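Let us take a walk through a protein together, beginning with the whole and then stopping at a few single residues. Keep the picture in view and turn it as you read.

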Amino acid sequence: MSTPLLPPIGMLAELTHRCPLQCPYCSNPLELLKANRELDTETWLALFSEAADLGVLQVHLSGGEPTLRRDLEQLIAGLAGRGVYTNLITAGVGIVEGRIEAFAEAGLDHLQLSFQGARPATTDRIGNHKGAHEKKLETARRARAAGLPLTINAPIHRHNIEEVPEFIDLALSLGAERLEIANVQYAGWALTNRDQLMPEREAVDRQAEIVAEAQERLAGIINIDFVTPDYFAIYPKPCMGGWARDAFMVTPDGTVLPCHAAQTIPSLSFERFEPRRLSSIWADSPAFNAFRGTDWMQEPCRGCERREIDWGGCRCQAMAIAGDAAATDPACAKSPIHARMAMLIDEAKRIATVPSREEAFVYRRIGAVTESA
Ligand code: SF4
Ligand code: SF4
């Protein structure tokens, strides 16, 4: 059964791959684009205008570190002028005084600030940047002072999962409206570092209990979102709400993708904004249509009652683990290779607990790395 094509409502704009941090779980591709490949101000503004024409209601301004773009105020103002809701996703390091206020004045609606740890030493070590934690605290204070709603984003993995209660205290102390406890998704740099990042099962169970208790205790005070870890799940998440269903993303050079890791699917090729128009990519691009709706599904997804709930899960995870982007996401208990997830968890534990391999991260950086299988 074909699903009707609706306009997109959300867009993630990766304005740059440059970043002062080097998180080993970064969702950016292994091959990072240099500054000279980034779209210029006029092209981003034209793209945003087309996105608004197409129906996009909210734009997440991300990177790398989007505040490294000197024209960010202009880009925010362009979106605000079209009535588009803007969310700035920042690492909060190196933002010069007065700029957060300028973003707010340009019309920014919301700021999302990531913390690599709840403890200063963890933040500095995971981001590989001394003093990062202090700078983030200052960014949070300035965002609140500028009247911006604040979300704290905590990407969770083996090396900070025990800090979940402290993340909750940190978000409360900073006056955040929302805390996102987001277990790392194994794509991009996180796939390369999977063995070092994968938490242990007991820690995942403890984390879920702590979050559930805090959600109840702090209802009405702070919203706590919980992004569960795929490898420990029974059902997969609806990746991006379904492939090319209501959102898309744009890389720093204007390549338009259905999701972060879509370029890891070798059978697909992706088009760039200008010369192609967003409306034509959204409707007609073979890559966008490859896994849209349910027609592409094989069994067990094809006959499953959840096929319009999770849309078969993540195509990039199916590619990475099953070697077939059209397979059922192996995170699903109905996948014929679901048992491989447990094997990968056990294998990660074995490798990560070898003393010489502890914290042997490949930090995110420009330059070739070999992706682990
Ligand atoms: S995950 Fe870390 S390295 Fe990647 S963009 Fe965010 S702050 Fe920078
Ligand atoms: S079989 Fe497919 S549609 Fe059904 S729950 Fe699993 S991934 Fe989702």
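Start with the overall build: the protein has 13 helices and nine strands. Its radius of gyration is 20 Å, close to the 21 Å that the globule rule gives for 373 residues, so the protein is as compact as a globular protein of that length. Please keep in mind that what you see is a predicted model. If you lay the C-alpha trace along its principal axes, it spans about 55 × 50 × 45 Å.

How much of the protein is buried? Of the 373 residues, 54% are buried. Now think about which parts of the chain meet one another. Take the contacts between residues at least 6 apart in sequence: 73% of them join residues at least 24 apart. On the outside, the accessible surface comes to about 15900 Å², and carbon and sulfur atoms account for 53% of that surface. The protein carries 38 positive and 49 negative charges, and the mean positions of these two sets are 3 Å apart.

Next, a look at what the records say. An unreviewed UniProt entry annotates residues 5–222 as "domain: Radical SAM core". In the model, this span is 41% helix and 16% strand, and its end C-alpha atoms lie 36 Å apart. UniProt, again in an unreviewed entry, also lists Cys19, Cys23 and Cys26 under "binding site".

Let us visit two of those cysteines. Cys19 sits in the loop between strand S1 (10–14) and helix H1 (41–54), and the loop between S1 and H1 is also the place of Cys26. Are they buried or exposed, or something in between? Cys19 has a relative accessibility of 26%, so it counts as partly exposed. Cys26 has 15%, and because buried means under 20% relative accessible area, Cys26 counts as buried.

Their surroundings are worth tracing on the screen. Leaving aside residues up to four places away in sequence, Cys19 touches Gly64, Glu65, Leu68 and Arg364. With the same kind of neighbours left out, Cys26 touches Ala187, Gly188, Trp189, Ala190 and Arg364. Arg364 therefore appears in both lists of contacts, a handy landmark for your tour.

One of the partners of Cys19 is Gly64, so let us stop there. Gly64 lies in the loop between strand S2 (58–62) and helix H2 (72–81). The peptide bond that joins Gly63 and Gly64 is cis, with an omega of about 15°.

Where is another cis peptide bond to be found? Follow the chain onwards to Glu274 and Pro275, which are joined by a cis peptide bond with omega about 15°. Pro275 belongs to the loop between S9 and H10. Arg277 is in that loop too, between strand S9 (256–257) and helix H10 (278–284). With a relative accessible area of 48%, Arg277 is partly exposed. Try finding Glu50 from here: Arg277 and Glu50 are 227 residues apart along the chain, yet their C-alpha atoms are separated by 7.8 Å.

Backbone angles give us another stop, in the loop between strand S7 (223–227) and strand S8 (247–250), where Met240 is found. Met240 has a positive phi of about 55° although it is not a glycine. Ala244 lies in the loop between S7 and S8 as well, and this alanine has a positive phi of about 50° although it, too, is not a glycine. How do the two residues fare for accessibility? Met240, at 29% relative accessibility, counts as partly exposed, whereas Ala244 is buried, with a relative accessible area of 1%.

Our last stop is Ser335, in the loop between helix H12 (315–322) and helix H13 (339–352). Which residues does Ser335 touch, not counting those up to four places away in sequence? The contacts are Thr328, Asp329 and Pro330. Ser335 is buried, with a relative accessible area of 6%.

Terms used
Residues are numbered from 1 along each chain as its sequence is written. Chains are lettered from A and ligands numbered from 1 in the order in which they are written. This is a predicted model: local features need pLDDT of at least 70, side-chain atom pairs count only at pLDDT 80 or more; totals for chains, interfaces and linings use all residues. Side-chain values use heavy atoms; hydrogens and water are left out. UniProt positions are given in the numbering used here, feature names are shortened, and annotations may be inferred rather than shown by experiment. Helices (H or I, at least four residues) and strands (E, at least two) are DSSP runs, numbered from the N terminus. The radius of gyration is taken over C-alpha atoms; the globule rule is 2.2 Å times the number of residues to the power 0.38. Buried means under 20% relative accessible area, exposed over 50%, partly exposed in between (1.4 Å probe, protein chains only). Contact means heavy atoms within 4.5 Å. Accessible areas come from the Shrake-Rupley method with a 1.4 Å probe; for residues, only the protein chains shown count as cover. Lys and Arg count as positive and Asp and Glu as negative; His and the chain ends are not counted. The place of a charge is taken as NZ of Lys, CZ of Arg, CG of Asp or CD of Glu.
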